[in-house]
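Here is a short briefing to read alongside the structure. Please keep the viewer open as you go through the topics.

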Amino acid sequence: MAGNSSGTIFTVTSFGESHGPGLGCIVDGCPAGLPLNIEDISRELGRRRPGGGGPSTTRSETDVPEILSGVFEGKTLGTPIAILVRNTNQRSGDYDKLKDLYRPGHADWTWEAKYGFRDHRGGGRSSARETLGRVAAGAIAKAFLSAQGVTIQGWTSSAAGIDAPLFGEPNFDFDEVEKNPLRFPNRELAELVLQKTERLRNEGDSAGGTVSCRVTGLKPGLGEPVFGKLDARLAAAMLSLGAAKGIEFGSGFSAAYAQGSTNNDRPIPGRRTPTLPPGVPDLEYATNNAGGVLGGISTGMPLEFTVAFKPVPSILKKQETVDRQGNIRELIIEGRHDICVCPRAVPVVEAMTALVLADLILLSRMDRV
């Protein structure tokens, strides 16, 4: 099975299954001497940890990370960093009845169509729990980016059909994001979504939503102009998440209905002091419809994008499907599942963003002699 690794210089390989002994990651290419301790990783894993209330699953894992290599006396060695998190709260028996059934909305059949064999316990590698290794690796990337002055902030921007305020609007509150289980930037709207998701839980149903992300502190010139575009790399990273179905940057799909005269970002004299090639003036942009990316290269403006997540396919409603013998069957998916993935997807989106940016920053150091 290929496709378990990403990155060019700052590389990450994730491993483990939802109901196996544990999950984790191996990070290679991280510069030596970076301050890093177990608390940095534990903090990020705690943000994605199940059992946090609201619309999340009731599976309660402690998600305690173990650093097996690559760190000594609180600093990275420049060697591969291996992190392991052991599973402690599996209930694999919940999936015994589904062994020969193909769950609607899941990768059960496509996995077998490719490999001829699958782990039916919670989806194995297809489970959202696989993102644990990504978040652990992302914690390392975040530490690296912090030293570069880069900040990544994500939030749930819609859930269960209710939109959060847009960034910059008076009722948008970043401080509120980590204070409610939905990670909504508005307390009153968060309460409305919680009420709606609780109704969906009682009905045995689920909801989709979106996660938005904003990155500040990026210097202009990050990314490649053709196949290694900054937005293309980020899009590939986000769409590698199991429930992600779409991504837009800046004005996004609304740009398809706009005119160039209103959608173009007008250059203005800059007020920063970035490191630019000789003869290149500093500038900024009056607007940011491009979301901080033009021609696949960062503009130095805030990087802004939104990822769409589908409703959780594991629902308690009776559904019709097909079994391994080709017979039509009815099933009810038992077990512990999220009602909406967005709140727990926020730290995952941040982690994937950090991994892409760390890799591109290291690559950019090779662009100039």
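A disulfide is counted here when a pair of cysteine sulfur atoms lies within 2.5 Å. By that rule, this predicted model has zero disulfides. The points below start with two cysteines, move on to a five-stranded sheet, and finish at a hairpin further along the chain.

**Cysteines**

- Cys 25 takes part in no disulfide, and the nearest cysteine sulfur, which belongs to Cys 30, is 11 Å away.
- Why is Cys 30 not bonded to Cys 25? The closest cysteine sulfur to that of Cys 30 is the one in Cys 25, and at 11 Å the two are too far apart for a bond.
- Cys 25 is buried, with a relative accessible area of 0%.
- Cys 30 is buried as well, with a relative accessible area of 3%.

**The five-stranded sheet**

- If you trace the strands across this open sheet, the order reads S1-S2-S3-S7-S4, and the pairing is antiparallel.
- Which strands stand at the edges? They are S1 (5-6) and S4 (65-69); each has a single partner strand, so one side of each is left without a neighbour in the sheet.
- Helix H1 (residues 38-48) packs on the sheet, where it touches S4 and strand S7 (81-86). The direction of H1 makes about 140° with that of S4.
- Within the sheet, S2 (residues 11-16) and S3 (residues 22-28) run antiparallel and are joined by six bridges.
- Cys 25 appears again here, in S3, as the bridge partner of Ser 14.
- As background, strands of a sheet pair through backbone hydrogen bonds, either parallel or antiparallel.

**The S17-S18 hairpin**

- S17 and S18 form a hairpin, with five residues between the two strands.
- Gly 326 sits in the turn and has a positive phi of about 85°.
- How many bridges pair S17 with S18 (residues 328-331)? There are four, and the pairing is antiparallel.
- One residue pair to look for is Thr 321, whose bridge partner in S18 is Arg 329.

**Gln 319 in its surroundings**

- Gln 319 lies in strand S17, which covers residues 319-322.
- Is Gln 319 buried or exposed? Gln 319 is buried, with a relative accessible area of 16%, and the cut-off for that label is under 20%.
- Leaving aside residues up to four places away in sequence, Gln 319 touches Pro 104, Pro 313, Arg 329, Glu 330, Leu 331 and Ile 333.
- Arg 329 is thus worth selecting in your viewer: it is a contact of Gln 319 and the bridge partner of Thr 321.

How values were computed:
Residues numbered from 1 in each chain as written. Predicted model: local features only at pLDDT ≥ 70, side-chain atom pairs only at ≥ 80, totals over all residues. Heavy atoms only, no water. Buried < 20%, exposed > 50% of the residue type's maximum accessible area, 1.4 Å probe, protein only. Contact = heavy atoms within 4.5 Å. Pairing = 2+ DSSP bridges. Axes fitted to C-alpha atoms, helices over the stretch in contact; angles between N-to-C directions.
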